[in-house]
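Please open the model in your viewer and keep the selection tool at hand, since the tour below moves from one selection to the next.

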Amino acid sequence: MRREAKPKRPPNSLMRNSNFLWLMSGGVISMLGDQFSLLAMPWLVLAVTNDTLTMGVVLGLISLPRAVFLLVGGALVDRYPARSVLLLTKYVNAVLLGGLGIGVLTGTLTVPILCVVAFSIGLASAFSIPAGTTILPRVVPGDQLQAANGMLMGLRQATLLLGPLMAGGLIAVVGGSGRAAAGAQAAGDLAGLGTAFLVDCATFVISAVTLYRVRMLTLPGDGQPARVERLGTVFRSIGDGIRHFWNDPELRALCLYFSATTFFIGGPMQAVLPVFARDRLGDGADGYGLMMGLHGVGTLVGMMVSGARPSFRLRTLGATILLVDTLLALVFMPMGLARHTWQAALLMGAAGCLAGFIQIGVFTWIQRRIPPAMLGRGMSLFMFIVMSLAPLSSALCGWLMRYVPPQIMFLGSGLALWGIVSLGLTSRSLRAIALPPRTPPATAPAETPLETPSAV
């Protein structure tokens, strides 16, 4: 008996999927709005307090709860609908950013309130990040999942490029770019910063509306009633992931190496660069936005090169990482010598190109190295290790800048990165990291969770 051939899905079926289009449009709008707050936050603290330590603490208050609760957020998202969790975080962020913008515009904002808002934003992101990463398999069919992931990652990088430029331009046009060194400024002088927060608030509202239009697919196990799990079960599951990382020599070496590089490079990027733009270059948020925008361009270029030429590396991926970080130190150290914004922006673009190139290789290696049943916990753990050190580095840099100029901070960070590379050269496990054969596919379908909530 002759079987009828199944009709093939048209190549452009993803762009005909209304579910994906609603999710993509809301996600892009929200990611673009995030860049407005990321740019405005350090400038607001400097404008209000003129204290680099306070700026580092506020930035740390955003990053710290996100890092500390990220693993818990990922475990809890397995127990509740991802869309409901994501919607709740959007409401919370809209309220926080709306109140922050109004407080800036009316001149009623105080530093303690700013610290509470910063901590709350970071806490909300600890749940929105895992919710956002688990919702896509319930929005598109399994045969479209890889294409959908690729499109969203590309659009995210585009927002990192356009967002700072748009935010810096808005702040410059509305006014209050933060060029003044004094902390006591009138509310009208901060109008641009307040407007930037309100723009981000609006993007969360819009993305919540688009998320309501998304119809979730029914996956195996969705009809099972939710069970309330003990907190100890969640922590035991997290412990299993940590033990797997530690017992794998190459995974352990990579995590320790990236923890060190994040500490010595992540802090200066967040805390030192805006102070350098204001004090050394004499620019406001618009100049800072230009530098971050060029960094985004470089990152996008590096990702494109890495994706198009996956074999463009040294003998091993580990050796390539060490070479790229050596070049990155050479780019980072002369940053303090820049006297014009365009000079610093070009250096930031080169740094972004190097970082973007190696980022694709590292994430691909981790995804292939970790068994499919542990992939979610493994990626969350890697993000946790990196993100938990960023707030500590930012706060330390803010304190050091009370005594050390930004130019010396850049030089010291570059020298520290060279020292880390030197130690990495002595690690056989790090040097031996290479792209392994792809792990065997799971026996469950792509849409089926590899673990039930009760097993987490």
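Begin by selecting T54, which you will find in helix α2 of this predicted model. With a relative accessible area of 18%, T54 is buried, because the cut-off for that label is under 20%. If you leave aside residues up to four places away in sequence, the neighbours that T54 touches are V45, T49 and V111.

Next, stay in helix α2 and select V58, which has its place there too. Is V58 buried or exposed? Its relative accessibility is 0%, so V58 counts as buried. Show what surrounds V58, again not counting residues up to four places away in sequence, and you will see that it touches M41, V45, L114, C115 and A118. To follow one of these contacts, draw a distance between the C-alpha atoms of V58 and L114, which are separated by 7.7 Å although the two residues lie 56 residues apart along the chain.

Now widen the view to two whole helices, selecting residues 52-68 for α2 and residues 111-135 for α5. Two packed helices are described by the angle between their axes and by the distance between those axes. Here the axes of α2 and α5 come within 6 Å and cross at roughly 30 degrees. Because angles under 35 degrees count as roughly parallel, α2 is roughly parallel to α5. The crossing of these two helices, α2 and α5, is right-handed.

To see which residues make this contact, colour T54, V58, L61, I62, P65 and R66 on the α2 side, and on the α5 side V111, L114, C115, A118, F119, G122, L123, S125, A126 and I129. Sorted by character, the residues of the contact of α2 with α5 comprise 12 nonpolar, 3 polar and 1 charged.

For the last stop, turn to charged side chains, which can pair when they are of opposite charge and their charged atoms come close. How many salt bridges does a search of the whole structure find? The search finds 1, and to view a salt bridge you should select R402 and D51, whose side chains meet at 3.1 Å, N to O. This pair links distant parts of the chain, 351 residues apart, with R402 in the loop between α13 (375-400) and α14 (406-425) and D51 in the loop between α1 (18-49) and α2. Switch on the surface to compare the two partners: R402 is partly exposed, with a relative accessible area of 44%, whereas D51, at 19% relative accessibility, counts as buried.

Methods: Residues are numbered from 1 along each chain as its sequence is written. This is a predicted model: local features need pLDDT of at least 70, side-chain atom pairs count only at pLDDT 80 or more; totals for chains, interfaces and linings use all residues. Side-chain values use heavy atoms; hydrogens and water are left out. Axes are lines fitted to C-alpha atoms, for helices over the stretch in contact, and angles run from 0 to 180 degrees between N-to-C directions. Helices (H or I, at least four residues) and strands (E, at least two) are DSSP runs, numbered from the N terminus. Angles under 35 degrees count as roughly parallel, over 145 as roughly antiparallel, 65 to 115 as roughly perpendicular and the rest as oblique. A crossing is left-handed if the near helix is turned anticlockwise from the far one by less than a right angle, and right-handed if clockwise. Contact means heavy atoms within 4.5 Å. Ala, Val, Leu, Ile, Met, Phe, Trp, Tyr, Cys and Pro count as nonpolar, Asp, Glu, Lys and Arg as charged, and the others, Gly among them, as polar. A salt bridge is a side-chain nitrogen of Lys or Arg within 4 Å of a carboxyl oxygen of Asp or Glu. Buried means under 20% relative accessible area, exposed over 50%, partly exposed in between (1.4 Å probe, protein chains only).
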